[in-house]
Amino acid sequence: MEDDDAPEDFNPIEIVEPWYDCFVESEYHKGLNEQQKNQSWGVIGAFASHAFDHIGTQPKHWDVSTVEECCLEILPRKITADSSFFEAVGPVLAAFFRYLDAEKLLPKAGKLASFAQKISPRIVEMADDSSNWGMAKTLFMGAIEAGVDVTDQEALNRYMVQCNQRLLPRQQQHYPDAPSPSPAYHPPVPIRRATPKLGRNDPCHCGSGKKYKHCHLGS
């Protein structure tokens, strides 16, 4: 469900962060294991940001369909992270929703908690299946597997050129009239800046859901 009442500069993190600050002091967060605690803000921030950016749903309107689409489609397609992140998504969101339900901060949050817990294994399966990855994630995962430092834009560009060169013979076989890419071609890819334009408290550009100052600032 898209929210037509959201202002143009609406940032869901401004709503979710105060909830999270109280959540980490609650019994619900304390019940998570250490891995889940370490991933908790990344999971919750990524869920809130992607639910709004890609579905158009503000936190106050989260429902089961929001959780399903975001956790089973959007996060596996968009987020470049190892298995520990996706293993934490279901349990962390379930605990967070239980907290919101107990504090009466979100209507029917208890139902969201049950659903998040139920689909937890499927979240991991979807994230592990490379056929579900978007182009940017496929690029980054391939680069990481190849040992490329993805924080180095020049190294990432070289990797992309190599990928294009490997694909060129197949492209020419099926599309003989297609123009050949220039060896110097640098395709558009997500850039991890050493000195970002993002504010310190903005969501990090990598999609982790963390504040920039707690994630890639200074990397």
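Here are a few exercises with worked solutions on the predicted model shown above.

**Exercise 1. The overall fold**

Work out how many helices and strands the protein has, and what share of its residues is buried.

Solution. Start with the secondary structure: there are nine helices and zero strands. Next, read along the sequence, which gives the pattern α-α-α-α-α-α-α-α-α. Finally, turn to accessibility: 45% of the 219 residues count as buried.

**Exercise 2. A ring pair across the sequence**

Classify the contact between the rings of Tyr28 and Tyr99, and decide which parts of the protein this pair ties together.

Solution. Begin with the geometry. A pair of aromatic rings is described by the distance of the centres and the angle of the planes. By the rule that centres must lie within 6.5 Å, the structure has 12 aromatic pairs. For Tyr28 and Tyr99, the ring centres are 6.4 Å apart and the planes stand at 65 degrees, so this pair is edge-to-face, given that angles over 60 degrees fall in that class.

Now place the two residues. Tyr28 belongs to helix α2 (residues 27-30) and Tyr99 to helix α5 (residues 83-102), so the pair ties together parts that are 71 residues apart in sequence.

Last, check their surroundings. Tyr28 has 26% relative accessibility and so counts as partly exposed, whereas Tyr99, at 7%, counts as buried.

**Exercise 3. Another pair, and a cluster**

Describe the geometry and burial of the Phe85 and Phe86 pair, then list the residues that ring pairs link into a cluster.

Solution. Take the distance and angle of the pair: Phe85 and Phe86 are 5.1 Å apart centre to centre, with 85 degrees between the planes, and this aromatic pair is edge-to-face. Both Phe85 and Phe86 are buried. Then follow the ring pairs: the cluster links Trp19, Tyr20, Phe23, Tyr28, Trp41, Phe47, Trp62, Phe96, Phe97 and Tyr99. You will recognise Tyr28 and Tyr99 among its members.

**Exercise 4. Opposite and like charges**

Locate the salt bridge, explain how its partners are spaced, and then find the residues of a negative surface patch.

Solution. Side chains of opposite charge can pair when their charged atoms come close. Here the structure holds one salt bridge, in which the side chains of Glu34 and Lys37 meet at 3.5 Å, N to O. That value passes the cut-off of 4 Å.

Look at the spacing next. Glu34 and Lys37 are three residues apart in helix α3 (residues 34-55), so about one helical turn separates them. Glu34 counts as exposed because its relative accessibility is 53%, while Lys37, at 23%, counts as partly exposed.

For the like charges, Asp82, Glu87, Glu125, Asp128 and Asp129 form a negative surface patch. One of them, Glu125, lies in helix α7 (residues 120-128); at 54% relative accessibility, Glu125 counts as exposed.

**Exercise 5. Positive phi in a loop**

Find out where Lys104 and Lys108 lie, and say what sets their phi values apart from those of most residues other than glycine.

Solution. Recall the background: most residues other than glycine have a negative phi. Lys104, however, has a positive phi near 55 degrees, and Lys108 has a positive phi of about 60 degrees. Lys104 lies in the loop between α5 and α6 (109-118), and Lys108 is found in the loop between α5 and α6. To finish, check accessibility: Lys104 counts as exposed at 74%, and Lys108 counts as exposed at 64%.

Methods. Residues numbered from 1 in each chain as written. Predicted model: local features only at pLDDT ≥ 70, side-chain atom pairs only at ≥ 80, totals over all residues. Heavy atoms only, no water. Phe/Tyr/Trp six-rings, centres within 6.5 Å; stacked < 30°, edge-to-face > 60°. Helix = DSSP H or I, 4+ residues; strand = E, 2+ residues; numbered from the N terminus. Buried < 20%, exposed > 50% of the residue type's maximum accessible area, 1.4 Å probe, protein only. Patch = residues over 30% accessible without salt bridge, like charges linked within 9 Å, V, L, I, M, F, W, Y side chains within 5 Å. Areas by Shrake-Rupley, 256 points an atom, 1.4 Å probe, with all protein chains shown as cover. Lys, Arg positive; Asp, Glu negative; His and termini not counted. Charge placed at Lys NZ, Arg CZ, Asp CG, Glu CD.
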